[in-house]
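Work through the exercises below with the sequence and the 3D structure at hand. Try each task before reading its solution.

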Amino acid sequence: MTFEMVKTSPITGQKPGTSGLRKKTRVFMAPHYLENFIQAIFNSIGGAKGKSFVVGGDGRFFNRQAIQTILKIAAANGAARIIVGWNGLLSTPAASHLIRINGTDGGIILSASHNPGGIDEDFGVKFNVPNGGPAPESVTSAMLAETLTLSSYRIARLPDTDLDVLGETELGGMQVSVVDPVEDYLALMRTLFDFDAIRTMFAGGFSMCFDAMHAVTGPYAKKILEDVLGAPKGTVINSVPLEDFGGGHPDPNPIWASTLIDLMMSDNAPDFGAASDGDGDRNMIVGRGQYVTPSDSLAVLVANAQLAPGYAAGIAGVARSMPTSAASDKVAEKLGIECFETPTGWKFFGNLMDAGRVTICGEESAGTGSDHVREKDGLWAVLLWLNILAVRKQPVARLLADHWAEYGRNYYSRHDYEAVPTDAANDLMGNVIGQLATLRGKTFAGQTVSRADEFCYRDPIDGSVSDHQGLRIWFEGGGRAVLRLSGTGTEGATIRVYLEQYQPDMSAISQPAQQVLLPLQQAVADLVRMQHFLGRTKPDVVT
Ligand code: G16
């Protein structure tokens, strides 16, 4: 029998989080688990018959095996065509682009993003819709409903497809196109940026270190930065994607990309440093001796985007996730363009981009991107920075200092409390929610609350409402704290505390951020009764 219907039990309660379904790899590898979820995806979009999809992943452990399973389930469900990245590799933004240029009915991206990979680490499945963006809540809710009732899946009992050979093959009547993961993406980047100006900058001795963290952007960065833009060989480090990312967290922040940070703070620092994450949608930007927070990076990109050919006509508007600092709001105000505050999750930008209301979007979690695709895009951010530096001919630190002098500085930091018992995290959050209405005017560790609420978002395009999107607490004197539970962790709960302090005074914009934010940190610890609920007040990760 070529196609088989396998009876199975529902996988209850598998609600996709901010970025698809993430679990321990062994959970996905358990009998029928991945199969169930893929069938649930197809069922929830009205079946796969006659449809086409893009499939690829970040190369982590189980990527290739999962792709073979997905191909067989797609064939058995009557899909017409699957476009798959060579070797199973596709960065998330490149997958988004392939969905868009091929007009497919969506795509399945295999990644747990910045989470570590390996048989005892994390795996994930994301479904992107035909506009190339992450599935909106209406679609993920339908998937969840499907996983609760699904009792069988269809799978083709056929040999594996060779993913190492570019070109067309056929699987049970379904066309399989194995494509170069970089080619179309590179062509898109050429339309947006002044490659000649960047090439001239490198030829003039501009130095850079790009840490691909043994994740999917390695092949993209090698090709684009070294082969096409002429950066010296060795500019891209950790460029070979590994199934376990070399044992590291492919998370581009000062903690997990500390080797790059150490280099950039040393006497041997190159002019520019950057890193990207597991699936290539996040980025970190760092100049010689100068780390750039994702919120500041967004603001700088918005302020200078017009220097790149793809944005020379100006940008329509900007959107940022709610916990992201308001630095980009200040730029939008000056440019006289619209500015939106959305819940955490790239999917909330999709409608605004489709409607032409925003061009550039960003998140504090190291994501920046534009309407060239419908995902955040790590290399895009790096190339836009390079384009800006090639035109402005200034060191990153100077550029940032000038930016703060013009707009004021939003001191910003995120403090994560990881692997917290789920009950304790819910109790802590519940306790704050219970007090929100009465916080105004109260003082905690010397800081007085001026306003507090729970963020609820009404999509300006389709009117859909997303509530319970995080707690916001403003303090007198321009401080803001945000609390929310992470939607991407796989162990217990992660509480994120986002601290922001606006400083308009030019003479006070060069202080250490953690020092400026300490009073807010202490006020939050007091207000949420951190010691009582968690037994500690020190975060695990500070970025
Ligand atoms: C995912 C989403 C991002 C979001 C992030 C939040 O990132 O794609 O839009 O900002 O999750 O993570 P958390 O809920 O843990 O704060 P990624 O890069 O993991 O896909």
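**Exercise 1. A residue in a loop**

Is Phe 62 buried or exposed?

Solution. The model is a predicted one. Begin with the position: Phe 62 sits in the loop between β3 (52-57) and α3 (63-76). Next take the accessibility. The relative accessibility of Phe 62 is 7%, and the cut-off for buried is under 20%. Phe 62 therefore counts as buried. Finally, look at the backbone: Phe 62 is not a glycine, yet its phi is positive, at about 85°.

**Exercise 2. Another positive phi**

Find the place of His 468, and decide whether His 468 is buried or exposed.

Solution. His 468 belongs to the loop between β23 (465-466) and β24 (471-475). Its phi is near 55°, which is positive in a residue other than glycine. The relative accessible area of His 468 is 56%, and exposed means over 50%. His 468 is therefore exposed.

**Exercise 3. The surroundings of a helix residue**

Which residues does Gln 39 touch, not counting those up to four places away in sequence?

Solution. First locate the residue: Gln 39 is part of helix α2 (residues 33-44). With a relative accessibility of 4%, Gln 39 counts as buried. Then list the contacts. Beyond the residues up to four places away in sequence, Gln 39 touches Ile 73, Asn 77, Leu 150, Ser 152, Tyr 153 and Arg 154.

**Exercise 4. Two packed helices**

Describe how helix α7 and helix α13 pack, and state which residues make the contact.

Solution. Two packed helices are described by the angle between their axes and by the distance between those axes. For α7 (residues 195-203) and α13 (residues 378-392), the angle is about 70° and the axes are 9 Å apart. Angles of 65 to 115 degrees count as roughly perpendicular, so α7 and α13 are roughly perpendicular to each other. On the α7 side, the contact is made by Ala 197, Ile 198, Met 201 and Phe 202. On the α13 side, Leu 383, Leu 386, Asn 387, Leu 389 and Ala 390 take part. Sorted by class, the contact has eight nonpolar residues, one polar residue and no charged residues.

**Exercise 5. Salt bridges**

How many salt bridges are counted? Describe one within a helix and two between separate parts of the chain.

Solution. The count comes to 28 salt bridges.

Step 1, within a helix. Asp 196 and Arg 199 form a salt bridge with an N to O distance of 2.8 Å. Both residues lie in helix α7, three residues apart, which is about one turn of the helix. Asp 196 is exposed, at 51% relative accessible area. Arg 199 counts as partly exposed, at 31%.

Step 2, between strands. In the salt bridge of Glu 341 with Arg 320, the closest N and O atoms are 3.2 Å apart. Glu 341 is in strand β16 (residues 338-342) and Arg 320 is in strand β15 (residues 317-321), so the pair ties together parts 21 residues apart in sequence. Glu 341 counts as partly exposed, with 24% relative accessibility, whereas Arg 320 counts as buried, with 5%.

Step 3, between a loop and a helix. Arg 374 forms a salt bridge with Asp 354, and their closest N and O atoms are 2.7 Å apart. Arg 374 is in the loop between β18 (367-370) and α13, while Asp 354 is in helix α12 (residues 350-354), so this pair ties together parts 20 residues apart in sequence. Arg 374 counts as buried, at 7% relative accessibility. Asp 354 is partly exposed, at 41% relative accessible area.

Step 4, a network. Arg 320 and Glu 341 also appear in a network of salt bridges, together with Asp 329, Asp 453, Arg 472, Arg 480 and Glu 500.

**Exercise 6. A sheet and a helix**

In what order do the four strands of the open sheet come, and which are the edge strands?

Solution. The order is β16-β15-β17-β18, with mixed pairing. β16 and β18 are the edge strands, since each pairs on one side only. On average, neighbouring strands of this sheet are turned by 15° against each other, direction ignored. Strand β17 (residues 360-363) and β18 run antiparallel and are joined by four bridges. Gly 362 stands opposite Thr 368 in β18. Helix α10 (residues 294-304) packs on the sheet and touches β15, β17 and β18. The direction of α10 makes about 170° with that of β17.

Terms used:
Residues are numbered from 1 along each chain as its sequence is written. This is a predicted model: local features need pLDDT of at least 70, side-chain atom pairs count only at pLDDT 80 or more; totals for chains, interfaces and linings use all residues. Side-chain values use heavy atoms; hydrogens and water are left out. Buried means under 20% relative accessible area, exposed over 50%, partly exposed in between (1.4 Å probe, protein chains only). Contact means heavy atoms within 4.5 Å. Axes are lines fitted to C-alpha atoms, for helices over the stretch in contact, and angles run from 0 to 180 degrees between N-to-C directions. Angles under 35 degrees count as roughly parallel, over 145 as roughly antiparallel, 65 to 115 as roughly perpendicular and the rest as oblique. Ala, Val, Leu, Ile, Met, Phe, Trp, Tyr, Cys and Pro count as nonpolar, Asp, Glu, Lys and Arg as charged, and the others, Gly among them, as polar. A salt bridge is a side-chain nitrogen of Lys or Arg within 4 Å of a carboxyl oxygen of Asp or Glu. Two strands pair if DSSP finds at least two bridges between them.
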